[in-house]
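Visitor: Please take me through one part of this model closely, starting from a single element and working outwards to what lies around that element. I would rather have one connected account than a list.

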Amino acid sequence: MSVDASTGTWLGRTIELEVGAVAHGGHCVARAEGRVVFVRHALPGERVLATVTEDKGGSFCRADAIEVLEASPERVEPPCPLAAPGECGGCDWQHATPGHQRELKAAVVMEQLKRLAGIDREVVVEALDGGPLDWRSRVRLVAGKDGKAGFRAHHSHRVIAIDDCPITVPGALDDVVSRNWRPGSEIEVTKDGEGQVHLRDLSTVHGKTRSRQLAGGIAVQHAAGRDWRLDAHGFWQVHPAAADALAAVVAEWAEAPRDGVAWDLYAGVGLFASVLAEQVGPRGRVLAVESGRRAVADGEENLADLPQVRWRSGKVEHLLADAPKPVDVVVLDPPRKGAGKAVVESIVEGSPDRIVYVACDPAALARDIALFAGHGYGLVDLRAFDAFPMTHHVECVALLQ
């Protein structure tokens, strides 16, 4: 197949591909005429016809598999008809069995560790309670030009209207899909641990975003043996079983000594700080650092019975210079981009015995593990959880010493 002389790209062309290994981001790698093709809606080992959807003329392009000529034995019919080329971009692996989805995610974590940190390690992605559907408790939708709520197509601003979403907890979207919205409005939905649905409308009018809370506002969640009250649209784990699962691993690996010092970085409302506080006891110290002021306020209220937790509001890289040192253990749960060089250096200045790193992106985790390795901290253990079934996302917890 040749490049279109008028555009210099393969955009819109349909090509036959032998699909290779999975890659980070919800696609697999194929090759055609010396170019790399990142193809969605395919599985490793398949032969497909794929249409090129994005091509900037470089060494690679992106495509969607539109016909499967030779199918993988792990292929299944997607439970949602919108999990298809040109449709909703929210799910990546609905066409794979749940077990194979976890194998694909494990392969991605292993590849990132090898490529970015030089670590060869077997990884198993563990399923959480509840199955692959009906798990998403926090959703953001957008209203299309017709006022109907939906999700954007993959790598597009185009809105795909929905009647329901099979990965979302039942009942969460009933009041969203049944009404019309101002076109362009973003609708945030949370169904909390008590089953209450919280609904917020974010509309942009004359360049200004207006927020209207239409239902609820204060969510109640249950994790780590505590009840939590927090901003319904602030940070909390999306999968109902994730917060408890992650808190249990942090509790096992942190081993903060009695009367010791611990840091909880990117602390949210203090889920891991509560675990560390129980370990260090009333005479220990836990520093919880979080940039979101509302999260800090919620954290202070929820952990008012644990005075050993001290809160600081601001960017982690700015607040560790005068943090209590030395520190016995550090727990960090950074955003998708990872912690980065400045934060890693600030952590190792505290000389912690143990670092427990919670990560929602395996590439960022691997990059930061490599940075820690430069300061003498090695990867001791790692667990991975399928906290986002049907998507390419995976949650990891790493122990460094």
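Guide: In this predicted model, helix α4 is mostly covered, with 9 of its 10 residues buried. Those buried residues are Leu271, Phe272, Ala273, Ser274, Val275, Leu276, Ala277, Gln279 and Val280. Where the helix has ended, Gly281 follows α4 with a positive phi, near 80 degrees.

The next thing to look at is the empty space beside this helix. Rolling a probe the size of a water molecule over the atoms shows where empty space is left. A search of the whole structure in this way gives 4 cavities of 30 Å³ or more, and the largest cavity has a volume of about 140 Å³. Of the 14 residues that line the largest cavity, Phe235, Ala267, Leu271, Phe272 and Asp333 are the closest to its centre, and two of these, Leu271 and Phe272, are also among the buried residues of α4. Helix α4 (271–280) and helix α3 (242–254) each supply at least two residues of the lining. Taken by class, the lining of the largest cavity is made up of 9 nonpolar, 3 polar and 2 charged residues.

The UniProt record bears on this place as well. In an unreviewed entry, the annotation "binding site" covers Gln237, Tyr266, Glu290 and Asp333. From this set, Gln237, Tyr266 and Asp333 are taken in by the lining of the largest cavity. Two of the annotated residues, Asp333 and Glu290, repay a separate look.

Asp333 sits in the loop between β19 and α7. With a relative accessible area of 12%, Asp333 counts as buried, because that value falls under the 20% cut-off. Leaving out residues up to four places away in sequence, Asp333 touches Phe235, Gln237, Leu265, Tyr266, Phe272, Val358 and Glu395. Among these contacts are Gln237 and Tyr266, which the record places under the "binding site" annotation together with Asp333, and Phe272 is also one of them, which leads back to the buried residues of α4.

Glu290, by comparison, has its place in strand β17 (residues 285–290). Glu290 too is buried, since its relative accessible area of 13% is under 20%. Setting aside neighbours within four places in sequence, Glu290 is in contact with Tyr266, Ala267, Gly268, Ala295, Val296, Trp311, Arg312, Ser313 and Gly314. Tyr266 is therefore a contact of Glu290, with heavy atoms of the two residues within 4.5 Å, and Tyr266 is likewise a contact of Asp333. Ala267, another contact of Glu290, is among the residues closest to the centre of the largest cavity.

The loop that holds Asp333 runs on to α7, and that helix can be followed in its turn. In α7 (residues 341–349), Val343, Val344, Ser346, Ile347 and Val348 are buried. An α-helix has 3.6 residues a turn, so residues three or four places apart point the same way. The cover over the buried residues of α7 includes β16 (261–265), α6 (316–319), β19 (329–332), β20 (354–359) and α8 (362–373). Just after α7, Ser351 takes a positive phi of about 50 degrees.

Strand β20, one of the elements that cover α7, contains Ala359. Ala359 has a relative accessible area of 4% and is therefore buried by the cut-off of under 20%. Not counting residues up to four places away in sequence, Ala359 touches Leu365, Val394, Glu395 and Cys396. Glu395 thus appears among the contacts of Ala359 and also among those of Asp333. The C-alpha atom of Ala359 is separated by 9.5 Å from that of Lys337, which lies 22 residues away along the chain.

To return to the starting point, the thread runs from α4, with 9 of its 10 residues buried, to the largest cavity, with Leu271 and Phe272 among the residues closest to the centre. From there the thread passes to Asp333, which touches Phe272, and then along the loop that lies between β19 and α7.

Note on methods
Residues are numbered from 1 along each chain as its sequence is written. This is a predicted model: local features need pLDDT of at least 70, side-chain atom pairs count only at pLDDT 80 or more; totals for chains, interfaces and linings use all residues. Side-chain values use heavy atoms; hydrogens and water are left out. Buried means under 20% relative accessible area, exposed over 50%, partly exposed in between (1.4 Å probe, protein chains only). Helices (H or I, at least four residues) and strands (E, at least two) are DSSP runs, numbered from the N terminus. On a 1 Å grid over the protein atoms alone, a cavity is a set of points where a 1.4 Å probe fits but cannot get out, and a pocket is an open set with protein on both sides within 12 Å along at least five of seven lines; lining residues have an atom within 4 Å of a point. Grid points are joined across faces, edges and corners, and a volume is the space filled by probe spheres set on the points. Ala, Val, Leu, Ile, Met, Phe, Trp, Tyr, Cys and Pro count as nonpolar, Asp, Glu, Lys and Arg as charged, and the others, Gly among them, as polar. UniProt positions are given in the numbering used here, feature names are shortened, and annotations may be inferred rather than shown by experiment.
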